[in-house]
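Subject: A structure for you to explore

Hi,

Here is the structure I promised to pass on. Have a look around it, and then read on for what turned up.

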Amino acid sequence: MNPAGDRAQATRQAGKATVATNAISHQYRGADGNWIHALDRISLTVPDGSFASVIGASGCGKSTLLKIIGGLLQPTSGSRSVGGRVVTGPDADVGYMFQTATLLEWRTVLDNVLLPIEIRFGRSRARAARDRAVSLLEAADIHEFESAYPRELSGGMAQRAAICRMLITQPSLLLLDEPFGALDELTRESMNEELQRVCLSSGATAIMVTHSIPEAVFMSDIVFVMSPRPGRVTHVIEIDLPRPRTFDNIEGSMRYAQLVAEVRRALRPGREDEQSQDGGEA
């Protein structure tokens, strides 16, 4: 184990709880008019500066939970807070990233990165932030394409541009909904390593929804495992692997293999040792 990595992880785990949900439940009407119980009394905490993953079967409410944490969706019951403040709606201090890059086709890469500032503060502030945007593109190794349009980018390059756009406002919380699910395996691994580097350097807290067990273990300090609908957090698995991590140095690790197996077991339905939530912390 890496002592420096151990100390960094201990600091993250001992820090202030940046994200907390208290007995979040959510219901909505389906296409047939019947009520669908999507989430059931989810309580969790994500310490300041930590990277957490949420994993579970399709339809278990992972993306719904992420939207509720970010203020994009109101829960039926329960509450959530970020940095000690109750969430009542979208917050400018939260950065979002989704499975597709959703870059605007008629704007250059640089203009896409500057878009959040232009929307919030106007074009003059966006122009003033140009140097910061260029620095982000340089860090993502796509600065040579700042004048290119999205159609000229590969999938991995477009996602790098989306990461830069997410970071341009320097958010303290990153919410990621399967951001690399559409990429090939090698590009996905490269983007995982890049996102890890960004999070470590910025100190941002991150929550990622994923279907990939290896990705969840590789990226996370904490993995929240959800049950099928109605979604509940059944297991909270702490990932004690040192950082920084690369796929080259981690895939031969016995501890990595053990944690992947532990998450996989937790995802199997009907396990007798599932831990239920009784309205308290998972």
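Let's begin with one residue, Glu178. Its relative accessibility is 18%, so Glu178 counts as buried, the limit being under 20%. You will find Glu178 in the loop between strand S7 (173-177) and H7. The backbone there is worth a look too: Glu178 is not a glycine, yet its phi is positive, at about 45 degrees. Most residues other than glycine have a negative phi.

Please keep in mind that this is a predicted model. The mean pLDDT of the protein is 85, and 89% of its residues reach 70 or more. Two stretches call for care. Over residues 1-15 the pLDDT stays under 50, and the model gives this stretch 21 contacts beyond four places in sequence. Residues 272-282 also have a pLDDT below 50, with 27 contacts beyond near neighbours in sequence. Where pLDDT is low, the predicted coordinates should not be read in detail.

Now for the overall picture. The protein has 10 helices and 10 strands, and 49% of its 282 residues count as buried. If you take the contacts with a separation of 6 or more, 71% of them are between residues 24 or more positions apart.

Glu178 also comes up when you look at Lys62. Which side chain of opposite charge is nearest to Lys62? That is Glu178, but the distance is 5.7 Å, and the buried Lys62 has no salt bridge. A salt bridge would need the nitrogen and the carboxyl oxygen to be within 4 Å, so this pair does not qualify. A polar atom of the Lys62 side chain does lie 3.1 Å from the backbone oxygen of Gly56. Lys62 is in helix H2 (residues 62-69), and its contacts beyond four places in sequence include Val54, Val209, His211 and Met226.

Other charged residues do pair up, and the count comes to eight salt bridges. Here are some to find:

- Arg188 and Glu215 meet through their side chains, 2.8 Å from N to O. Arg188 lies in helix H7 (residues 185-202) and Glu215 in helix H8 (residues 213-219), so the pair ties together parts that are 27 residues apart in sequence. Both ends are buried: Arg188 has a relative accessible area of 18%, and Glu215 one of 3%.
- Glu118 and Arg107 form a salt bridge at 2.9 Å, N to O. Glu118 is in helix H3 (residues 109-121), while Arg107 is in the loop between strand S6 (94-97) and H3.
- Arg123 forms a salt bridge with Glu118 as well, the closest N and O atoms being 3.6 Å apart.

Arg107, Glu118 and Arg123 are thus linked in a network of salt bridges. Is each arginine here buried or exposed? Arg107 is buried, with a relative accessible area of 13%, whereas Arg123 is exposed, at 60%.

Next, the nonpolar residues. In soluble globular proteins, nonpolar side chains tend to be buried together. The largest nonpolar core here has 57 residues, and Phe51, Leu176 and Val217 are among those that touch the most other members. Which helix gives the most to this core? It is helix H6 (residues 155-167), with eight residues. A second, separate core has 25 residues, including Ala38, Ala52, Val82 and Val209. As for Phe51, its contacts farther than four places along the sequence include Leu176, Leu195, Met219 and Arg243.

Arg243 brings us to the backbone again. A cis peptide bond joins Arg243 and Pro244, with omega about 0 degrees, and Pro244 is in the loop between S10 and helix H9 (247-250). Another cis peptide bond joins Arg229 and Pro230, with omega about -5 degrees. Pro230 lies in the loop between strand S9 (222-226) and strand S10 (233-238). Most peptide bonds are trans.

One last stop is Arg41, in strand S2 (residues 35-47). Its phi is near 50 degrees, a positive value in a residue other than glycine. With a relative accessibility of 34%, Arg41 counts as partly exposed.

Happy exploring!

Conventions: Residues numbered from 1 in each chain as written. Predicted model: local features only at pLDDT ≥ 70, side-chain atom pairs only at ≥ 80, totals over all residues. Heavy atoms only, no water. Helix = DSSP H or I, 4+ residues; strand = E, 2+ residues; numbered from the N terminus. Buried < 20%, exposed > 50% of the residue type's maximum accessible area, 1.4 Å probe, protein only. Lys, Arg positive; Asp, Glu negative; His and termini not counted. Polar contact = N/O pair within 3.5 Å; in protein donor to acceptor, adjacent residues only side chain to side chain. Contact = heavy atoms within 4.5 Å. pLDDT = per-residue confidence, 0-100. Core = buried A, V, L, I, M, F, W, Y, C linked by side-chain atoms within 4.5 Å.
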